Amino acid sequence: MVATIRLKFIGFALLLCCTLVACKKKNRETAIEQGTFKVLSYNVYEGFSGDAVKKQGFKKWIDTMKPDVIALQEMKGFTKAGLQNFAVEMGYNYTLMWHEAGLPVALVSKYPITEIKTVPSNLHLIQAKVLDYNFFVIHLSPLTYDIRKAEMEIILARTQVIPKTEKILMMGDFNNMSPQDASFYNTTAKMDLIRASELSNPGTKILNNGQIDYTTIQNIMDEGFYDTWKIFRSNYEKSAPTKLRTHNNFTRIDYIFMNKAILNHYKDSYLVKDVYTDYMSDHYPMVLILKK
């Protein structure tokens, strides 16, 4: 009888111990989640190609990612009201989209979007604030390096009037390769692909006197912005194309840049490559995680 009572007591103690450990782990994970700010930037290829199935898939996928803010590019076919409904269905109450025509950019947030700035009608840009972060959601021209450089000059001029003590995040599809990746592009095979791409796409210009023009991205870095993917990496990883495309003209043109005021808050950044993102768009999304 005594032995049975002792065994029951030991079993109860073990169960209680396991429960406390599980609760402690859950509380720790909750504390980690509550102590971070997660941003996701994604070119969704012409508004999910207008495909209802892809839109539903995105909603389910976002529920696994759980970002605080989503920066979207190429939101073709979306209206401001349609974006709001789409976001609410995912659990996000705040949205911003300036232009409905063409390939607009959009901002979706769990927190209020404030200090919204007007933007030129010919520029795919959102400038606004979420919490104490100044957001710039960007989709630069896919045409020529000169156009991209001019667009970026307008955006950088806007960042220059913001006090350097404030947090600034710039993200999106910049359509321009980075000088930090130059050694990975400087191969005969890659240069042949770029020359072939220019020939088959009249009106596009990547090469300047036979060399990749990195000016647009170099100008961003010269203004004191950091390519978050490169902070702790020296290797190369493409952000396009995904498995949706069969060509091998690989590029890393999707970025999240941050200024010096955020450096001490940096936790992680990465490109999301999974069974969903392999085929949802021709670009892979990028995530940035910051400590609050």
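How many cavities of 30 Å³ or more does a search of the whole structure find? The legends below address this question alongside other views of the predicted model.

**Figure 1. Overview of the predicted model.** The protein contains nine helices and 14 strands. Of its 292 residues, 47% are buried. Among contacts with a separation of 6 or more, 69% join residues 24 or more positions apart. The protein exposes about 14600 Å², and carbon and sulfur atoms supply 58% of that area.

**Figure 2. Close-up of the one cavity of 30 Å³ or more that a search of the whole structure finds.** The volume of the largest cavity is about 30 Å³. Its lining consists of Trp98, His99, Pro104, Val105, His124, Leu125 and Ile126. By class, five of these residues are nonpolar and two are polar, and the lining has no charged residues. As a general principle, rolling a probe the size of a water molecule over the atoms shows where empty space is left.

**Figure 3. Close-up of the largest pocket, which holds about 880 Å³ of space.** The pocket is lined by 32 residues. Those closest to its centre are Pro142, Asn175, Ser197, Ile253 and His283. The lining divides into eleven nonpolar, 13 polar and eight charged residues. In this respect the two linings can be set side by side: charged residues are present in that of the largest pocket, whereas the lining of the largest cavity has none.

**Figure 4. Close-up of the helices that contribute to the lining of the largest pocket.** Helix α5 (145-160) supplies at least two residues of the lining, as does helix α7 (188-200). The contribution from α7 is the greatest, at three residues.

**Figure 5. Close-up of helix α8 (residues 215-222) and its buried residues.** Thr216, Ile217, Ile220 and Met221 are buried in this helix. These four residues lie on the same side of α8 because they cover an arc of only 135 degrees around the axis. The packing partners of the buried residues are helix α5 and the strands β8 (167-173) and β12 (254-258). Helix α5 thus appears in two views, since it packs against the buried residues of α8 and also supplies at least two residues to the lining of the largest pocket.

**Figure 6. Close-up of the glycine that follows α8.** Glycine 224 comes after the helix. The phi angle of this glycine is positive, near 95 degrees.

Note on methods. Residues are numbered from 1 along each chain as its sequence is written. This is a predicted model: local features need pLDDT of at least 70, side-chain atom pairs count only at pLDDT 80 or more; totals for chains, interfaces and linings use all residues. Side-chain values use heavy atoms; hydrogens and water are left out. On a 1 Å grid over the protein atoms alone, a cavity is a set of points where a 1.4 Å probe fits but cannot get out, and a pocket is an open set with protein on both sides within 12 Å along at least five of seven lines; lining residues have an atom within 4 Å of a point. Grid points are joined across faces, edges and corners, and a volume is the space filled by probe spheres set on the points. Ala, Val, Leu, Ile, Met, Phe, Trp, Tyr, Cys and Pro count as nonpolar, Asp, Glu, Lys and Arg as charged, and the others, Gly among them, as polar. Buried means under 20% relative accessible area, exposed over 50%, partly exposed in between (1.4 Å probe, protein chains only). The arc is that of the directions from the helix axis to the C-beta atoms. Contact means heavy atoms within 4.5 Å. Accessible areas come from the Shrake-Rupley method with a 1.4 Å probe; for residues, only the protein chains shown count as cover.
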